[in-house]
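Colleague: I am new to this structure and would like to learn how to read it. Could we look at it together?

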Amino acid sequence: MDIIRKRILYIDAYDSFANNIIALLKTSLDIDVEVISHDEYTSREDEFHQYLGYFDAVVAGPGPGDPNCAEDVGSIRYLWRLQGEDILPVLGICLGFQDMCQAFGAKVVRLDMPRHGVVSEVQPANMDIFQGFPKFTVTNYHSLHIKMDNPCSAADLDPWSIRQSCPQVRPLAWDFKDSRNGPVLLAARHTEKPFWGVQYHPESICTDDVGNRIISSWWKSAMQWLNQNPRRVNRKPVPRSWNQRKLDEYQHMSSRLAASHIDQLKAVEALKSTKTVQGQILQLPELTAIELYQALNLSDDEAIILRSGKQADGKLFNEELGRFSIVGIVDQDALHIQFSVHSQQVNIFSRKTRDVVRQAAHNVDVFAYLEEFMAHIHSNQGASESPFWGGLAGFISYEAGLRTINTHPDCTMESSTRGRFVRPDVNLVLVQRSVVIDHFTDTVYVQSIRPEDDEWIQHTIHQLRHHLDLASRTAIQMATRMPNTNSITNKPNHSSPLPQTITPDWISYTTKILACESAIRTGSSYELCLTSTTPIHTPSTHTTPLSSGLTLFKSLSHTNSAPFSAFLRIHTPNDAITIASSSPERFLSWSRPTTKPSTCQFRPIKGTVRKGPGISRADAETILNSSKERAENLMITDLIRHDLHGVAGPGNVRVSKLMQIEEYATVYQLVSVIEGALPQDSGQTGIDVLASSLPPGSMTGAPKRRSCEILSMLEDGPRGIYSGVLGYLDVGGGGDFSVVIRTACRWDGDSTEEGDVWTVGAGGAITVQSEAEDEYAEMLGKLNSTLGAFGLKAEKGDREDWTKEQREKYGRLVKMEREMNERFPGRRK
Ligand SMILES: C=C(O[C@@H]1C=C(C(=O)O)C=C[C@H]1O)C(=O)O
Ligand SMILES: NC(=O)CC[C@H](N)C(=O)O
């Protein structure tokens, strides 16, 4: 006899934790789960009711917003109106729970002090789904809560009795220990209908196992109800949702486009690659990435250097993060895959022919395109220890990431475009020849994926040996260690003007912090990573753009050495970008699928303490262990688990490090490590993980989509490459990308005769526990990590120097803050 698997419908309200809940349902229960977004049926209540006929139960998920706003809950609100045989068991989580309580008479109001990423104790009733449960701890993500004549304390008459104001809602759990908000209702059920709900997040990494057991307990009660109230469920396959069908079409079309581009390019020499990586391995002690780059004596105006190895004090970075450096050789005919959010078009471009293939194709899924492209150039049998054999290297902008979550900012890099071509949001160069250094074993890999390229390999080895004999080595080392700071010095030098910058205005930044806080208080966001962009004008150096960029990069490597340092110079049809990066943060890496499945790793950083006089490691530990910093990190850890769960699937994601303190050149940071293996039979690749996890959660806040919408309203323009990712896709199937922070970028098109314009972004996570003054200082601290390379330091200006307008602005700000404090007393310390 066939055992019928029950089906749960999960309604996603655009939360960034949905996939964690789905994973929890699938690992705790023997069921199938289908997912729809809450807005798929918003204007079609009848169709939604019919669709529910395919399911045994529903989980209505958490999300941004307020149940008082129909748009924020979408079709979730139709659940409570089901009648007769249409009724089915529902579990509402957070927003879903609030909407249920509101539908049956309770009020949803703001908490005095929102509780995002806050871990608290649950006092359950010894009844219903909590029968026999002890107290347990859970993670909360909410700004709003249920008001229904709440008891004043645990000692109050009977916290479990039904309140007159909403006689259909039975309280099932409270938090009695929240001194700022008073008792907070954490679970309830409808007195007659099979509707239950929890305010907390059972799926969070910091919710303990008892919290998770609730899912099984709910399911047991749901099944009992179904046994007593049998309903006819349509057991045919569930029709694919409109969203899923659109997505499939879109990806299919994009893969076909890539295949047709590749066909058109088959004749082009630069795309010919072998399936076997050719190469040789040498032992060259103490070789640095810059030395290597200089020894190769490359004359091209493009460069790809991913630098690790030694820190400024001569010590190696840790082995997990800073073991390898990679230099990609970018010849005249190297192909560039470029995609612009504005035109939604992929171009393949080479400097030699200026324009190899341009195909206007609208609405391209650039990741499906890249997947097809990488499959075409897939190689194997390179040296297994070398992480990169060849492939695509470059960057993906923040705005390209926004597009993957269907957020379309008004402006992309187009806004600063000159001429016919837009500045691409994705710019990846096909690197066929490369040299990789393993700094821990002093091994150097000289590699090529071009057919019959032995001559180049021998020539390169000869070149390396020749240049790295003792005498030239010393000279190169000196040049590397003592960057030419002429153009970046802060000391007066009358022969060359100094670089100049404008420190982000603290009044504007602080106003934005307050706007973030109010967005959090209304329930629209749980955490927002606010950023600002600072221009730096540098005088003309009368050298080539590559050489002045490299000088800056050397200086940056010195002032803020970081394991994901990178120097990139990449052309577009009518412009070129130079990127000098000193990022401490790995976004995502994944290993080559071999006999073992590919393993992915994310390393989000959230929680920052600036180094400075009087701040010891112990002080940093105290600060980073505070509830504010831990909440910041927890939210992003849960968000990244969601991103990875979406591709790796239930049971395949683990948090191998939770909130550990790491020390970098100028800051201490709180880091978590989230890992997962991609099941081999799933057909999923690291590129799929990349596509479903941009923009990096540590640069957005949570929930990602709503937070990005809020940030694009608050920030002054597109973030561009800052907040995007930079790294490579390897022909063997691996990849590694850093988060583009602590980075300076310059477009040639912005330079004038007087000099160049670099931009540096900096920011930090804002939560309701933030103090505006501290957040501004944290942002400046991060900005200064990069400005140091220009010999500059941003400081908060003195109030005496303020203009009348600034004083007025400040006055308004103080007033706003006072009003906010009066309205939400919890904010006061
Ligand atoms: C926004 C920046 O950094 C991000 C924000 C951090 C934080 O809020 O603590 C830490 C590291 C980065 O993920 C930046 O460096 O500009
Ligand atoms: N996690 C959630 O579902 C949050 C619900 C609602 N937006 C709140 O902030 O209270």
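Colleague: Which residues surround ligand 2?

Modeller: Happy to help, and keep in mind that this is a predicted model. Ligand 2 is surrounded by Pro62, Gly63, Pro64, Gly65, Cys94, Leu95, Tyr141, His142, Ser143, Leu144 and Gly523. By class, six residues of this shell are nonpolar, five are polar and none is charged.

Colleague: Which strand gives the largest share of the shell around ligand 2?

Modeller: That is β6, which contributes four residues.

Colleague: Where does β6 sit in the sheet, at an edge or in the interior?

Modeller: Here is the general idea: strands of a sheet pair through backbone hydrogen bonds, either parallel or antiparallel. In this structure, nine strands make an open sheet with mixed pairing, in the order β2-β1-β3-β4-β9-β8-β7-β5-β6. Strand β6 (136-147) is an edge strand, as is β2 (31-37), and each of these pairs on one side only. On average, neighbouring strands are turned by 25° against each other, direction ignored.

Colleague: How many bridges join β4 to β9?

Modeller: Four bridges link β4 (residues 90-93) and β9 (residues 195-198), and these two strands run parallel. Within this pairing, Gly92 is opposite Gly197 of β9.

Colleague: And which strands does helix α1 touch?

Modeller: Helix α1 (residues 18-28) packs on the sheet and touches β1 (6-12), β2, β3 (57-60) and β4. The direction of α1 makes about 160° with that of β2.

Colleague: What about helix α17: which strands does it lie across?

Modeller: Helix α17 (residues 627-648) lies across β5 (107-124) and β6, and runs at about 90° to β5.

Notes
Residues are numbered from 1 along each chain as its sequence is written. Chains are lettered from A and ligands numbered from 1 in the order in which they are written. This is a predicted model: local features need pLDDT of at least 70, side-chain atom pairs count only at pLDDT 80 or more; totals for chains, interfaces and linings use all residues. Two strands pair if DSSP finds at least two bridges between them. Axes are lines fitted to C-alpha atoms, for helices over the stretch in contact, and angles run from 0 to 180 degrees between N-to-C directions. Two residues are in contact if their C-beta atoms, placed from the backbone, lie within 7 Å. A residue is near a molecule or strand if its C-beta atom, placed from the backbone, lies within 6 Å of it. Ala, Val, Leu, Ile, Met, Phe, Trp, Tyr, Cys and Pro count as nonpolar, Asp, Glu, Lys and Arg as charged, and the others, Gly among them, as polar.
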